[in-house]
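This report goes through one protein chain, starting with a pair of residues in a sheet and moving on to the core and the loops. Please keep the sequence and the structure in view while reading.

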Amino acid sequence: MLPRLDEIESRFADIEAQLSDPGLKPSDMQRLGKARADLSDLVEAIRDYKRILREIEEAEELRAEPEMREAAEEELERLKPQVADWEHRIKLMLLPKDPNDDKSVYIEIRPAAGGAEAALFAHELYRMYARYAERRRWKYEVVDYEETGIGGASRVVFTIDAQGAYSALKHESGVHRVQRVPATESQGRIHTSSVTVAVLPEAEERDVHVDEKDLEVSTFRASSAGGQHVQKNETAIRIIHRPSGVVVTCQDERSQQQNRLRAMSVLRAKLYEMEQERMAKERGDLRRSQIGSGDRSEKIRTYNFPQDRLTDHRIGLTVHSLNLVMDGDIQHILDALVQENQARQLAEQAATAGGN
């Protein structure tokens with residue numbers, strides 16, 4: 001591993017040397033600055049790791065001197081366990097990075113099976129993610145909210161605007177199943193309903209080209225998330241992308257122009273995801289390195305309210321205190337998914353290296 005680490009340090013030094021050039025073009029400065037930022041944490045870890053190796057080598061030499069042997073052995077006892085920790089940390093940092101990890105996200109939640117109860121749970125999942133964003137001090141905004149008559153949601157689209165939001169939430173895509181006694185159930189029977197969640201990385205204009213000629217745009221009167229205060233003007237926007245059949249609506253903003261801009265942003269995110277999946281299928285590795293398939297038709301999690309239990313079926317994780325989970329206390333679940341995904345990537349990397 002050391003030769004590869006030497007190469008990374010050398011590349012970092014070369015970037016710093018280029019950045020110190022007073023004749024550097026602004027475009028090159030931006031590119032090199034990003035490259036430096038991307039490598040800085042890794043290089044710092046490499047330097048700490050090499051420092052530990054040097055200190056071990058020095059302690060080994062001192063152990064040969066009788067008067068220093070005891071102190072040297074104590075030093076070795078302290079240092080040697082750190083080597084494996086640093087190696088593991090660096091291996092994680094060397095894993096291929098998802099280019100979307102630093103992006104903000106759009107989250108779309110829809111009821112699947114279960115009628116009114118599924119719609120109620122769709123609203124509760126929206127609130128769970130909104131509370132999670134609040135706990136992280138992340139900004140979130142509703143793009144479109146279609147309410148059912150009993151306080152549920154037939155569709156919710158919202159954005160979480162924060163660097164790293166996609167990295168934290170990308171494993172939430174899939175089917176979330178709920179088991180509980182619905183408020184409308186008079187016999188006390190437990191019902192099973194399901195909701196689909198799609199987490200999309202925000203796509204910029206340079207990521208996706210959308211031809212205006214391919215769009216069918218219509219307007220309608222917007223209403224609030226609660227279904228009240230229907231506006232007199234047609235400020236809400238519906239956009240149909242004819243080639244893909246993707247339909248996007250936005251009615252949360254106050255003006256038609258703002259709604260159009262937001263709807264176009266959601267459309268780009270959906271088209272970007274479709275293109276990413278197409279390319280991955282061509283490579284034959286569609287989300288293979290992620291937890292599960294990432295397919296929104298895959299059942300990923302069950303929220304069992306009578307037993308106060310959440311089960312993530314992909315990694316066999318079980319947690320309790322559903323009231324805290326539904327209030328946005330989900331960081332430990334997200335961390336477990338990331339760690340399992342990293343473990344799988346490391347195992348695949350080791351298997352590939354072993355095959356070579």
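## Strands and their partners

Asp-312 stands opposite Leu-317, a residue of β11. The two strands involved are β10, residues 309-312, and β11, and they pair in the antiparallel sense over four bridges. This is a predicted model, and the description below should be read in that light.

β10 and β11 belong to an open sheet of eight strands. Its order is β2-β3-β1-β5-β4-β9-β10-β11, and the pairing is mixed. β2 and β11 (317-320) are the edge strands, each pairing on one side only. On average, neighbouring strands of this sheet are turned by 20 degrees against each other, direction ignored. Strands of a sheet pair through backbone hydrogen bonds, in a parallel or an antiparallel way.

Within the sheet, β1 has β3 and β5 as its neighbours in the order. With β3 it pairs in the antiparallel sense over five bridges, and Glu-108 has Val-157 in β3 as its bridge partner. Seven bridges join β1 to β5, again antiparallel; here the bridge partner of Ile-107 is Val-199 in β5. Is β1 enclosed by the rest of the structure or open? Five of its seven residues are buried, so β1 is largely enclosed by the rest of the structure.

Strand β5 also holds Ala-198. Ala-198 counts as buried because its relative accessible area is 3%, and the cut-off for buried is under 20%. Ala-198 and Ser-173 are 25 residues apart in sequence, yet their C-alpha atoms are 4.6 Å apart in space.

## The nonpolar core

In soluble globular proteins, nonpolar side chains tend to be buried together. The largest nonpolar core of this model has 38 residues. Ile-107, Ile-109, Leu-125, Ile-160, Leu-169, Tyr-303 and Val-325 have the most contacts inside it. Several helices and strands supply at least two residues each, including β1 (105-111), β2 (139-147), β3 (153-161) and β5 (191-201) among the strands, and α4 (115-135) and α8 (331-355) among the helices. Which element gives the most to this core? It is α4, with nine residues.

Val-325 can serve as an example of a core residue. Setting aside residues up to four places away in sequence, Val-325 touches Met-128, Tyr-303, Leu-310, Val-319, His-320, Ile-330 and Ile-333.

## Three residues outside the buried class

The table lists three residues that are exposed or partly exposed, with their places in the chain.

| Residue | Place | Relative accessibility | Class |
|---|---|---|---|
| Gln-18 | helix α1 (residues 2-19) | 31% | partly exposed |
| Arg-137 | loop between α4 and β2 | 79% | exposed |
| Ser-321 | loop between β11 and α7 | 31% | partly exposed |

Most residues other than glycine have a negative phi. Arg-137 has a positive phi, near 60 degrees. Ser-321 has a phi near 60 degrees too, a positive value in a residue other than glycine.

Gln-18 is in contact with Leu-24 and Leu-32, leaving aside its neighbours within four places in sequence. From C-alpha to C-alpha, Gln-18 and Leu-32 are 7.9 Å apart, with their positions 14 residues apart in sequence counted as separation.

## The chain as a whole

The protein chain has eight helices and eleven strands. Of its 356 residues, 41% are buried. The chain exposes about 19,500 Å², and carbon and sulfur atoms supply 47% of that area. Among contacts with a separation of 6 or more, 62% are between residues 24 or more positions apart.

How confident is the prediction, and what is its mean pLDDT? The mean pLDDT of the protein chain is 86, and 89% of its residues reach 70 or more. Some stretches fall lower. Over residues 224-232 the pLDDT stays under 50, and the model has 15 contacts beyond four places in sequence for them. Residues 286-290 also have a pLDDT below 50, and this stretch has 17 contacts in the model beyond near neighbours in sequence.

Notes
Residues are numbered from 1 along each chain as its sequence is written. This is a predicted model: local features need pLDDT of at least 70, side-chain atom pairs count only at pLDDT 80 or more; totals for chains, interfaces and linings use all residues. Side-chain values use heavy atoms; hydrogens and water are left out. pLDDT is the predictor's confidence in each residue, from 0 to 100. Contact means heavy atoms within 4.5 Å. A nonpolar core is a set of buried Ala, Val, Leu, Ile, Met, Phe, Trp, Tyr and Cys residues joined through side-chain atoms within 4.5 Å. Buried means under 20% relative accessible area, exposed over 50%, partly exposed in between (1.4 Å probe, protein chains only). Two strands pair if DSSP finds at least two bridges between them. Axes are lines fitted to C-alpha atoms, for helices over the stretch in contact, and angles run from 0 to 180 degrees between N-to-C directions. Accessible areas come from the Shrake-Rupley method with a 1.4 Å probe; for residues, only the protein chains shown count as cover.
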